[in-house]
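I have my notebook open and a fresh model to look through. Come along, and I will jot down each thing I look up.

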Amino acid sequence: MVIINNFEEYKAFEGKIIGTSEWHTIEQEQINIFADATRDHQWIHCDAEKAEKEGPFKSTIAHGYLTLSLIPYLWKEIADVRNIKMEINYGIENFKFGQPVLVNSEIQLQAKLKSIVNLRGVVKVTIESTLIIKDNAKPAYVGDVIFLYHFND
């Protein structure tokens with residue numbers, strides 16, 4: 001895990017990979033809980049029997065938005081940004097889903113600092129986020145996550 005205490009330490013990573021999270025297994029229970037929370041019970045996510053018999057992947061798959069929703073959790077395994085008053089999830093841009101995440105797959109997030117700018121005391125950070133699926137050549141997705149940080153003076 002990388003520890004970042006201020007703007008200058010963060011800026012040193014610009015254009016570089018900050019790190020990669022631990023592996024996280026996507027289990028059917030997590031998919032089902034997400035389906036309940038979002039009311040998206042499409043069979044390709046929730047009906048293992050039908051997915052195995054009729055689905056293109058012969059398995060249930062995680063919701064794309066479930067995998068996106070894991071970014072804050074996985075990001076916290078990569079970097080500990082300290083000395084801040086507040087951190088805000090500001091936006092996501094240019095995400096492309098390239099590969100489905102099958103149930104029981106292991107995933108990890110790779111984070112690269114694409115850009116960082118100090119906007120009169122608010123630091124805007126764009127992280128290129130790549131979700132890696134273990135033993136797959138193609139990532140589940142690639143896109144930019146934008147955080148705003150209010151560092152302590």
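**Entry 1: the whole chain**

What percentage of the 153 residues in the protein chain is buried? I looked it up and found that buried residues make up 39% of the chain. I also noted that this is a predicted model.

Next I looked at the secondary structure, which comes to 6 helices and 8 strands. Reading from the N terminus on, I wrote the order down as β-α-β-β-α-α-α-α-α-β-β-β-β-β. The C-alpha trace spans about 60 × 30 × 25 Å along its principal axes.

Then I checked how far along the sequence contacts reach. I took the contacts between residues at least 6 apart in sequence, and 70% of them join residues at least 24 apart.

**Entry 2: what the record says**

I looked in UniProt, where an unreviewed entry lists residues 16-129 as "domain: MaoC-like". In the model, that stretch is 32% helix and 39% strand. The C-alpha atoms at its two ends are 12 Å apart.

**Entry 3: the nonpolar core**

I remind myself that in soluble globular proteins, nonpolar side chains tend to be buried together. Here I found that the largest nonpolar core has 38 residues. Which residues have the most contacts inside this core? They are Tyr10, Ile18, Trp75, Ile127 and Tyr149.

I picked Tyr10 for a second look and left aside residues up to four places away in sequence. Tyr10 touches Ile18, Trp75, Ile127 and Tyr149, the other residues on that list of most contacts. Its remaining partners are Ile4, Val81, Leu113, Ile116, Val125 and Phe151.

**Entry 4: the largest pocket**

Rolling a probe the size of a water molecule over the atoms shows where empty space is left. I found about 200 Å³ of space in the largest pocket. Of the 15 residues that line this pocket, the closest to its centre are His45, Ala62, His63, Gly64 and Tyr65.

What classes of residue make up the lining of the largest pocket? I noted 8 nonpolar, 6 polar and 1 charged residues. Helix H2 (28-38) and helix H5 (64-69) each supply at least two residues of the lining. H5 gives the largest share, with 3 residues.

**Entry 5: along strand S5**

I moved on to three residues of S5, beginning with Lys85, which is found in this strand. Lys85 is exposed, because its relative accessible area is 59% and the cut-off for exposed is over 50%. Leaving out residues up to four places away in sequence, Lys85 touches His150, Phe151, Asn152 and Asp153. The C-alpha atoms of Lys85 and Phe151 are separated by 5.8 Å, although these residues are 66 apart along the chain.

Met86 is also placed in S5. Is Met86 exposed or only partly exposed? With a relative accessible area of 40%, Met86 is partly exposed. Beyond its neighbours within four places in sequence, Met86 is in contact with Leu148, Tyr149 and His150. The C-alpha atoms of Met86 and Tyr149 are 6.0 Å apart, with their positions 63 residues apart in the numbering. I remembered Tyr149 from the core entry, as one of the residues with the most contacts there.

Asn94 lies in S5 too, which covers residues 84-97. Asn94 counts as exposed because its relative accessibility is 58%. Setting aside residues up to four places away in sequence, I saw that Asn94 touches Val142, Gly143 and Asp144. I also looked up how far Asn94 is from Glu54: 40 residues along the chain, with 31 Å between their C-alpha atoms.

**Entry 6: two positive phi angles**

Most residues other than glycine have a negative phi, and most peptide bonds are trans. That made me curious about residues that go the other way.

Asn94 has a phi near 55 degrees, a positive value in a residue other than glycine. Arg120 has a positive phi of about 50 degrees and is not a glycine either.

Where does Arg120 lie? I found Arg120 in the loop between strand S6 (106-119) and strand S7 (122-133). Arg120 is exposed, with a relative accessible area of 86%.

Definitions and conventions. Residues numbered from 1 in each chain as written. Predicted model: local features only at pLDDT ≥ 70, side-chain atom pairs only at ≥ 80, totals over all residues. Heavy atoms only, no water. Core = buried A, V, L, I, M, F, W, Y, C linked by side-chain atoms within 4.5 Å. Buried < 20%, exposed > 50% of the residue type's maximum accessible area, 1.4 Å probe, protein only. Contact = heavy atoms within 4.5 Å. UniProt positions renumbered as here; feature names shortened; annotations may be inferred. Helix = DSSP H or I, 4+ residues; strand = E, 2+ residues; numbered from the N terminus. 1 Å grid on protein atoms, 1.4 Å probe; cavity = no way out; pocket = protein on both sides within 12 Å on 5 of 7 lines; lining within 4 Å. Points joined across faces, edges and corners; volume = space filled by probe spheres on them. Nonpolar A, V, L, I, M, F, W, Y, C, P; charged D, E, K, R; others polar.
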